[in-house]
Amino acid sequence: MLGVRLPDEATQVTEMFLGLIDDASPGLVQGLYLRGSLAFGEYFPGRSDLDFTAVLAARPDAAALDALAAAHAAVHDAYQIPHFDGFHLLRADLARPPDECPDLPCMFEGSFHPAGRFDVNAVAWHELARRGVAVRGPELTAESVWTDDAALRAFTHGNLSSYWARVADFAVEYPEEAAKPEAVAWGVLGISRLHHLLATGTMTSKSGAGRHALTAFDPVWHPIVREALRAREDPDRPSEFDADPARRGRENAAFVRMALEASLALGP
């Protein structure tokens, strides 16, 4: 999406990264796009991540990889929050399914990986095609980026069966971790995003998923959904679980299990 006004943090981080990589390896980065919740108009300074996709002129050689690693390290040193996470590919890679991509240079939570697959999946491709924010380069469209709604649903269903099944087990096994407000936001809003996609056929942000959960699930779950939204949007506001954080953990674990089963029942 062109013409989107970036949050100040996003402008500072992307300008620093592009300036550093342009100095070290002129012409390497031809495009830079932001996706994730920011692309849905949702960004919380100091808490949201910046998810990026960089389009390179060519597969990076050793010198280019060193330049990318150095640029990302400098950005991370200067801005440890927000995390500037994503991957680097060729424009031709976007026109085909992500499973056909080779391993790509990736950045994740301060660590640069010369070859990896962090976020190289159908969700990222569909976000770029439908909501991607162009910082550098032409706007991305469904004509220039591979999309396949059936494949997106299948990937989402598979993610439920693998990753989110483990999250549900973890929340039960480690109740003190599940009781942390940030864990509630991650679990409740994260799995609600997947339910939203399977139930409506459209993608949404984490807060959008929370609002969906308030209408899609029984009102008995509203307190833990409200807690997840509070933790994400206004963490300084008092919590209705302050007097009983253990209950917050139990309800988080129970919600994730319930939403997992409800989402799987929707089918791929």
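Modeller: Before we start on this predicted model, one term: a pocket here is an open set of grid points where a 1.4 Å probe fits, with protein on both sides within 12 Å along at least five of seven lines.

Biologist: Thanks! So how much space lies in the largest pocket?

Modeller: About 1,500 Å³.

Biologist: And which residues lie nearest its centre?

Modeller: Asp51, Asp119, Trp186, Arg193 and Lys206. They belong to a lining of 44 residues.

Biologist: How does that lining divide into nonpolar, polar and charged?

Modeller: For the largest pocket, 19 are nonpolar, twelve are polar and 13 are charged.

Biologist: Which element gives the largest share of that lining?

Modeller: That's α7, with eight residues. The helices that each supply at least two residues to the largest pocket are α4 (122-131), α5 (149-173), α7 (181-200) and α9 (222-233).

Biologist: What volume does the second largest pocket have?

Modeller: About 240 Å³. Two or more residues of its lining come from each of α5, α6 (175-178), α7 and α10 (245-265).

Biologist: Which of them gives the most there?

Modeller: α7, with four residues. Among the residues lining the second largest pocket are Phe170, Glu182, Trp186 and Asn252. By class, that lining has seven nonpolar, two polar and three charged residues.

Biologist: Switching topic: how many disulfides turn up in the whole structure?

Modeller: Zero. Take Cys101: the nearest cysteine sulfur belongs to Cys106 and is 10 Å away.

Biologist: Why is there no bond from Cys106 to Cys101?

Modeller: Because the sulfur of Cys101, the closest cysteine sulfur to that of Cys106, is 10 Å away, which is too far for a bond. The cut-off for a disulfide is a pair of sulfurs within 2.5 Å.

Biologist: Is Cys106 buried or exposed?

Modeller: Cys106 has 1% relative accessibility, so it counts as buried. Cys101 counts as buried too, because its relative accessibility is 6%, and the limit for buried is under 20%.

Biologist: Back to Cys106, then. What stands opposite it in the sheet?

Modeller: Phe87 is opposite Cys106, which sits in β4. Strands β3 (residues 84-90) and β4 (residues 104-108) run antiparallel and are joined by two bridges.

Biologist: In what order do the strands of that sheet come?

Modeller: The order is β5-β4-β3-β2-β1-β6, so to speak left to right, in an open sheet of six strands with mixed pairing. At the edges are β5 (111-116) and β6 (133-136), each pairing on one side only.

Biologist: And what does the twist average?

Modeller: From one strand to the next, 20°.

How values were computed:
Residues are numbered from 1 along each chain as its sequence is written. This is a predicted model: local features need pLDDT of at least 70, side-chain atom pairs count only at pLDDT 80 or more; totals for chains, interfaces and linings use all residues. Side-chain values use heavy atoms; hydrogens and water are left out. Buried means under 20% relative accessible area, exposed over 50%, partly exposed in between (1.4 Å probe, protein chains only). On a 1 Å grid over the protein atoms alone, a cavity is a set of points where a 1.4 Å probe fits but cannot get out, and a pocket is an open set with protein on both sides within 12 Å along at least five of seven lines; lining residues have an atom within 4 Å of a point. Grid points are joined across faces, edges and corners, and a volume is the space filled by probe spheres set on the points. Ala, Val, Leu, Ile, Met, Phe, Trp, Tyr, Cys and Pro count as nonpolar, Asp, Glu, Lys and Arg as charged, and the others, Gly among them, as polar. Two strands pair if DSSP finds at least two bridges between them. Axes are lines fitted to C-alpha atoms, for helices over the stretch in contact, and angles run from 0 to 180 degrees between N-to-C directions.
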